[in-house]
Amino acid sequence: MFNGRAWIGNLNVLENLRLPLAHHTGRSHDEIMAALVDWGQRFGLDPLPTSRPDRTLPWQLRLAEWVRALTVEPELLLLENPLWHVPPAQIAVLHDTVRS
């Protein structure tokens with residue numbers, strides 16, 4: 001996760017979240033959606049945003065970046081200012097997630 005924008009502007013946030021999973025994994029649409037919803041709920045992003053990135057609040061985009069990063073089950077996760085725009089209520093959840 002880096003501070004630069006990594007969103008495709010003509011797709012909504014949910015479509016942006018689904019895209020790498022559909023392209024890089026063998027998961028079905030239902031499995032992808034279940035994983036995205038699960039991570040979204042863990043981080044208090046329920047429902048997942050369906051607006052375009054430029055019409056989505058910065059804190060929602062940051063949490064969506066967390067969802068996108070963790071749903072692909074990375075072996076290594078690089079973080080640059082990972083708590084930028086994150087609401088205080090979600091910080092402990094994110095810390096616990098990184099520690100586990």
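## Thr56, tucked into a loop

Thr56 counts as buried in this predicted model, its relative accessibility being 8%, which puts it below the 20% cut-off. The residue belongs to the loop that runs between α2 and α3, so don't look for it inside a helix.

What does the side chain of Thr56 make a polar contact with? The partner is the side chain of Ser51, at 2.6 Å. Ser51 also turns up among the contacts Thr56 makes once neighbours within four places in sequence are left aside, along with Val13, Pro49 and Leu61.

## Helix α2 and its buried face

Now for α2 itself. This helix has 14 residues and reaches 20 Å from first C-alpha to last, close to the 20 Å expected at 1.5 Å a residue. Its buried residues are Ile32, Met33, Ala35, Leu36, Trp39 and Gly40. Look down the axis and those buried residues fall within an arc of 165 degrees, so they line one face of the helix.

What covers them? The cover over the buried residues of α2 includes α1, α3 and α4. After α2 comes Gly44, with a positive phi near 75 degrees.

## The nonpolar core

The largest nonpolar core has 20 residues. Leu17, Leu36 and Phe43 are the ones with the most contacts inside it. Helices α1, α2 and α3 each supply at least two residues of this core, and the largest share, 6 residues, comes from α3. Leu36 is worth a second look, as it is also one of the buried residues of α2.

Phe43 has quite a list of partners. Setting aside its neighbours within four places in sequence, Phe43 is in contact with Leu63, Trp66, Val67 and Leu70, and also with Gln90, Val93, Leu94 and Thr97.

## Salt bridges

How many salt bridges does the model have? The count comes to 3. One of them joins the side chains of Glu73 and Arg27, at 3.0 Å from N to O. Glu73 sits in the loop between α3 (58–71) and α4 (88–99), while Arg27 sits in the loop between α1 (13–24) and α2 (29–42), so this pair ties together parts that are 46 residues apart in sequence. As for accessibility, Glu73 is exposed at 60% relative accessible area, whereas Arg27 is partly exposed at 22%.

Next up is the pair Arg42 and Asp38, whose side chains meet at 2.8 Å, N to O. These two are 4 residues apart in helix α2, a separation of about one helical turn. Arg42 counts as partly exposed at 43% relative accessibility, and Asp38 is partly exposed too, with a relative accessible area of 31%.

That leaves Arg62 and Glu65, which form a salt bridge through their side chains at 3.3 Å, N to O. Both lie in helix α3, 3 residues apart, about one turn of the helix. Are they buried or exposed? Arg62 is buried, and Glu65 is buried as well.

Methods: Residues are numbered from 1 along each chain as its sequence is written. This is a predicted model: local features need pLDDT of at least 70, side-chain atom pairs count only at pLDDT 80 or more; totals for chains, interfaces and linings use all residues. Side-chain values use heavy atoms; hydrogens and water are left out. A salt bridge is a side-chain nitrogen of Lys or Arg within 4 Å of a carboxyl oxygen of Asp or Glu. Buried means under 20% relative accessible area, exposed over 50%, partly exposed in between (1.4 Å probe, protein chains only). A nonpolar core is a set of buried Ala, Val, Leu, Ile, Met, Phe, Trp, Tyr and Cys residues joined through side-chain atoms within 4.5 Å. Contact means heavy atoms within 4.5 Å. The expected span of a helix is 1.5 Å times one less than its number of residues. The arc is that of the directions from the helix axis to the C-beta atoms. A polar contact is a pair of N or O atoms within 3.5 Å; within protein, one must be able to donate a hydrogen and the other to accept it, and residues adjacent in sequence count only if both atoms are side-chain atoms.
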